[in-house]
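Biologist: Please take a close look at the salt bridges for me, and go through the pairs one at a time. Once that is done, I would be glad to hear about the surroundings of the ligand and the backbone details too.

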Amino acid sequence: MLTETSRENGPLRRIAIIGGGAAGWMAAAALARVLGPRGPAITLIESEEIGIVGVGEATIPPIRAFNAMIGLDEDVFVRETKGTFKLGIEFVDWRQRGRRYFHPFGVYGPDFGPTPFEGAWRRLRQVGLGQPLETYSICAQAAAAGRFARPQPGAGPLSQLAYAFHFDAALYAKLLRAHAEAAGVVRREGKVAAVNLRSGDGFVESVTMEDGERIAADLFLDCTGFRALLIGQALESPFENWARWLPNDRAVAVPSANAGPPAPYTRSTAREAGWQWRIPLQHRTGNGYVFSSRHVSEDEATATLLAHLDGEPLAEPRVLRFQAGRRPAGWVKNVVALGLASGFLEPLESTSIHLIQVGIARLLEMLPTRAFEPADARRYNRLMATEFNSVRDFLILHFHATERRDTPYWEQLAGMSVPDSLLERLRIYRATGRVFRESDELFTKTSWLAVLDGQGPEVEGVEPLAEGLPLDQVEARLARIAEATAQAVRRMPAQADFLRAHGQAGAPVPV
Ligand SMILES: Cc1cc2nc3c(=O)[nH]c(=O)nc-3n(C[C@H](O)[C@H](O)[C@H](O)COP(=O)(O)OP(=O)(O)OC[C@H]3O[C@@H](n4cnc5c(N)ncnc54)[C@H](O)[C@@H]3O)c2cc1C
């Protein structure tokens, strides 16, 4: 016979996901897939009247692993979301007006034994030889040429291609919903009117819908976006505001007609009080100006955005308001917040959808029993804090490491004090040009190097490990890498041709 304790320690029987944006449907699809038909019953509640944010259009490479995990074929995904491929981000006017650089996915060249590639490359540059970093990145070179192919193992530089996607966020949510429902998730339309807490321990017992129905569950996922209905409103988990480092708090977004074949990269252009994104999809281009409302008005930002579109606007501009920051406790009692309910860091490096993915992976790793061991939640919150903090530092770098002082916005950001963790990286980089990846943080050495080299600070010394390198050999090797990269790019198809063969919207499904 089961004792009370063993019953409470048993597996979850019911999971309720509140919210049906990217966070809700990603969680639903993943949990249903991993936990299977014998797992807990999963219900997702969403309100069409409230709707979704619907602006998550650019991603980073780990999303490929997420799609594979839920069994979503990549060509089908690209076709159904009218997506394109992304090889990195072009940053325009960030260091100074008139200067650009590219942050590619993937890697630059190989290390020289114990000397990291960047040390050897910089040594060469310091004596006036070698080429800019981008020359050695197949992703940067392919992006510049408008070409795309999937990586080909064993084929030299072609094996180093790494990519993500641009896609229509609303279509992705629809696709995820189809997957989740096919895997047994039950969708309930309607608005949650109240969150009911259990007397005694304050766990969430149920939610009451506007029509009076009560929906109970063991575990609740708060995917209600900025409203944070459960984690913020009902459980009052505090929000840590990061506006002192990331002051942007508004975005105005508008789609426009494509002005040519879509480019296989995102463009981010620094403006007077923020930056503008350009995200090319198959059927339109997504655009937005992310800005600080203390430095520019919504009307001015809208006018700036409309003045800088490549094609005709296809809808009225839409303003979104947000705060940068996160909840240190995203898991409280039996509620786990995912997506915007858990925090938001502006979309400069397309990390929000990734942070949802990480949250889901960590939750699965520490899936609670009905006893809800508090150490699970503590560990989850600690790991998510590390994840958010390292993304935060990487974002702050873009705003702080600039030579721009032409507007009060840039003056303020260039002069701000940054977190100690970032300050340490900047000091190390300035001294020797060294970059590193802290344990398994999201952004790699390539990413840190691309942005530091693209924006500053200037490196003052030499990597000691590169001092004794025979420079003629380094030069010859880098020249070979540059040549092999250029040749490989010439063998790649234009992205438009690749899309025609793999995932063009409206094309028949390959059998
Ligand atoms: C300007 C901007 C640009 C962005 N660009 C990117 C990007 O390029 N890449 C990226 O990765 N991310 C980006 N993001 C973030 C991305 O949009 C979100 O992470 C993603 O859409 C997930 O949102 P969500 O599901 O948490 O919330 P939402 O999309 O807001 O969904 C909330 C859900 O909760 C439901 N809901 C709320 N209250 C109730 C209630 N009372 N009852 C029932 N249902 C309720 C709503 O109906 C909805 O279904 C961007 C965000 C912004 C603001």
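Modeller: Happy to! One cut-off comes first, since the descriptions of the pairs rest on it: a residue is called buried when its relative accessible area is under 20%, exposed when that value is over 50%, and partly exposed in between. Please also keep in mind that this is a predicted model.

Let me begin with the pair that this cut-off helps to read. Asp310 and Arg278 meet through their side chains in a salt bridge, with 2.9 Å from N to O. Asp310 sits in the loop between helix H9 (298-307) and strand S17 (318-321), while Arg278 belongs to strand S15 (residues 274-280), so this salt bridge ties together parts that are 32 residues apart in sequence. The two partners fall into separate classes of accessibility: Arg278 has a relative accessible area of 15% and is therefore buried, whereas Asp310, at 48%, counts as partly exposed. The value for Arg278 is under the 20% limit, and the value for Asp310 falls between the limits of 20% and 50%.

As general background, side chains of opposite charge can pair when their charged atoms come close. Across the whole structure, a search finds 35 salt bridges, and a few of them deserve a visit.

Glu181 and Arg177 offer a pair within one helix. Their side chains form a salt bridge at 3.4 Å, N to O. Why do Glu181 and Arg177 lie about one helical turn from each other? Both belong to helix H7 (residues 169-182) and are 4 residues apart there, which means a separation of about one helical turn. As for accessibility, Glu181 is partly exposed with a relative accessible area of 32%, and Arg177 is partly exposed as well, at 29%.

Asp249 and Arg250 make another salt bridge, in which the closest N and O atoms are 3.6 Å apart. Here each partner is buried: Asp249 has a relative accessibility of 18%, and Arg250 has one of 16%.

Some charged residues join in a group instead of a simple pair. Glu46, Glu48, Arg187 and Glu189 are linked in a network of salt bridges.

Now to the ligand. Its shell holds 33 residues, and the closest are Gly20, Ala58, Val192, Leu340 and Ile353. By class, the shell has 17 nonpolar, 12 polar and 4 charged residues. Among the contributors are helix H2 (22-35) and helix H10 (352-365), each supplying at least two residues of the shell. The largest share comes from H10, with 3 residues.

Backbone atoms approach the ligand at several points. A polar backbone atom of Ala58 lies 2.7 Å from a nitrogen atom of the ligand. At Leu340, a polar backbone atom is 2.9 Å from an oxygen atom of the ligand, and at Cys223 a backbone N or O atom is 3.4 Å from a ligand oxygen. Of the 1000 Å² of accessible area that the ligand has on its own, the protein covers 97%.

The record has something to add about this part of the chain. UniProt, in an unreviewed entry, lists residues 12-35 as a "transmembrane region". In the model, that span is 58% helix and 21% strand, and its end C-alpha atoms lie 10 Å apart.

Finally, here are the backbone details. Asp93 is not a glycine, yet its phi is positive, near 65°. Asp93 lies in the loop between strand S4 (88-92) and strand S5 (100-104), and it is buried at 15% relative accessible area. Lys333 also has a positive phi, about 55°, without being a glycine. Its place is the loop between strand S19 (331-332) and strand S20 (335-337), where Lys333 is partly exposed at 35%.

Further along, the peptide bond from Gly456 to Pro457 is cis, with omega near 5°. Pro457 belongs to the loop between H14 and helix H15 (471-491). Helix H14 (residues 445-455) itself holds Asp453, which is partly exposed with a relative accessible area of 27%. From Asp453 to Met492, the C-alpha atoms are 27 Å apart in space, and the two residues are 39 apart in sequence.

Methods
Residues numbered from 1 in each chain as written. Predicted model: local features only at pLDDT ≥ 70, side-chain atom pairs only at ≥ 80, totals over all residues. Heavy atoms only, no water. UniProt positions renumbered as here; feature names shortened; annotations may be inferred. Near = heavy atom within 4 Å. Polar contact = N/O pair within 3.5 Å; in protein donor to acceptor, adjacent residues only side chain to side chain. Areas by Shrake-Rupley, 256 points an atom, 1.4 Å probe, with all protein chains shown as cover. Nonpolar A, V, L, I, M, F, W, Y, C, P; charged D, E, K, R; others polar. Salt bridge = Lys/Arg side-chain N within 4 Å of Asp/Glu carboxyl O. Buried < 20%, exposed > 50% of the residue type's maximum accessible area, 1.4 Å probe, protein only.
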